[in-house]
Amino acid sequence: VESDTITWGAAISACESGGKWEKALQLLSFMLQIRVGSSTITCNAAVSACEKDAKWEHALQISIVMSKSSVEADVVTYNAMISACGSGGMWDKALQLLSRMAQSNAELNTITFNTAMSACEKGGEWEKALQFMGAMVLRHAKFDTITFNAAMSACEKRNEW
């Protein structure tokens, strides 16, 4: 059986689902070594595996690999990297990614803003979290329950009622 990007992507996605971020990275690395090629979807699965365990450094490394391999990051890539940074307490890195995302062709959507707000909330940056609500209005992103919960949680953590 010949392996291809889809086969490797399925294996990496299985690692993501099973919480095996190290194995997902090993598979992605091996995939690149044998020059199978990679896709945005395959890389996203590896980034998501890192994000689920707050391995923000590894998630960011994948973005470097993607760039070197001419694989374009999409909204899913950025959202997972922003989430990984937020989960790892690196709200400032999350905002750097958001800025980079805004400069790319990736769409900033409700999930993107909610993820950035959550990163700020985890970092105690309640004012920055609330500023994203204004940015959402400017970008025509819709508020949802998660938006309001992230805003309230950010304020609650800093006793800013």
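So, what covers the buried residues of helix H4? The cover includes helix H2 (21-33), helix H3 (40-52), helix H5 (75-87) and helix H6 (91-103). Before I go on, please keep in mind that this is a predicted model.

Let me stay with H4 for a moment. H4 runs over residues 56-68, which makes 13 residues, and from its first C-alpha to its last it reaches 19 Å. That is close to the 18 Å expected at 1.5 Å a residue. Which residues of H4 are buried? They are Trp 56, Ala 59, Leu 60, Ile 62, Ser 63 and Met 66. Around the axis these residues cover an arc of only 150 degrees, which puts them on the same side of H4. If you like to see the spacing behind that, an α-helix has 3.6 residues a turn, so residues three or four places apart point the same way. After H4 comes Ser 70, and its phi is positive, near 60 degrees.

One residue in that list, Leu 60, gives me a bridge to H5. Tyr 78, which sits in helix H5, is 18 residues from Leu 60 in sequence, and the two C-alpha atoms are 9.6 Å apart in space. Is Tyr 78 buried or exposed? Its relative accessibility is 5%, and since buried means under 20%, Tyr 78 counts as buried. Setting aside neighbours within four places in sequence, the contacts of Tyr 78 are Ala 73, Leu 97, Arg 100, Met 101, Ser 104 and Ala 106.

Now let's step back to the start of the chain, to helix H1. H1 covers residues 5-17, and its 13 residues should span 18 Å at 1.5 Å a residue; the end C-alpha atoms are 18 Å apart, which agrees. The buried residues here are Trp 8, Gly 9, Ile 12, Cys 15 and Glu 16. Their arc around the axis is only 120 degrees, so they are on the same side of H1. On the other side of H1 we find Ile 6 and Ser 17, both exposed. As for what covers the buried residues of H1, the list includes H2 and H3. And just as a positive phi follows H4, one follows H1: Gly 19 has a phi near 70 degrees.

Since H2 has come up twice, here is one residue from it. Glu 22 lies in helix H2 and, with a relative accessibility of 42%, counts as partly exposed. How far apart in space are Glu 22 and Ala 135? The answer is 36 Å, C-alpha to C-alpha, with their positions 113 residues apart in sequence.

That takes us along the chain to helix H8, residues 126-138, where Trp 126, Ala 129, Phe 132, Met 133 and Met 136 are buried. Look down the axis of H8 and these buried residues fall within an arc of 105 degrees, so they line one face of the helix. The face turned away from that buried side carries Gln 131 and Leu 138, which are exposed. Cover for the buried residues of H8 includes H6, helix H7 (110-122) and H9.

H7 and H9 deserve a word of their own. Glu 121 belongs to helix H7 and, at 8% relative accessibility, is buried. Beyond its neighbours within four places in sequence, Glu 121 is in contact with Ala 150, Ser 153, Ala 154 and Lys 157. Helix H9 takes in residues 145-157, and Phe 148 is part of it.

What sits in the loop between H8 and H9? One residue there is His 140. His 140 has a positive phi of about 60 degrees although it is not a glycine. For context, most residues other than glycine have a negative phi. His 140 also counts as exposed, at 72% relative accessibility.

Let me finish on the surface. Which residues make the nonpolar patch of about 360 Å²? They are Val 137, Phe 143, Phe 148 and Met 152. Phe 148, the H9 residue I mentioned, has a relative accessible area of 40%, so it is partly exposed. A residue needs over 30% to join a patch, and Phe 148 at 40% qualifies on that count.

That's my tour, and I'm happy to take questions.

Terms used. Residues are numbered from 1 along each chain as its sequence is written. This is a predicted model: local features need pLDDT of at least 70, side-chain atom pairs count only at pLDDT 80 or more; totals for chains, interfaces and linings use all residues. Side-chain values use heavy atoms; hydrogens and water are left out. Patches are made of residues with over 30% relative accessible area and no salt bridge: like charges are joined within 9 Å, nonpolar side chains (Val, Leu, Ile, Met, Phe, Trp, Tyr) within 5 Å. Accessible areas come from the Shrake-Rupley method with a 1.4 Å probe; for residues, only the protein chains shown count as cover. A salt bridge is a side-chain nitrogen of Lys or Arg within 4 Å of a carboxyl oxygen of Asp or Glu. Helices (H or I, at least four residues) and strands (E, at least two) are DSSP runs, numbered from the N terminus. Buried means under 20% relative accessible area, exposed over 50%, partly exposed in between (1.4 Å probe, protein chains only). The expected span of a helix is 1.5 Å times one less than its number of residues. The arc is that of the directions from the helix axis to the C-beta atoms. Contact means heavy atoms within 4.5 Å.
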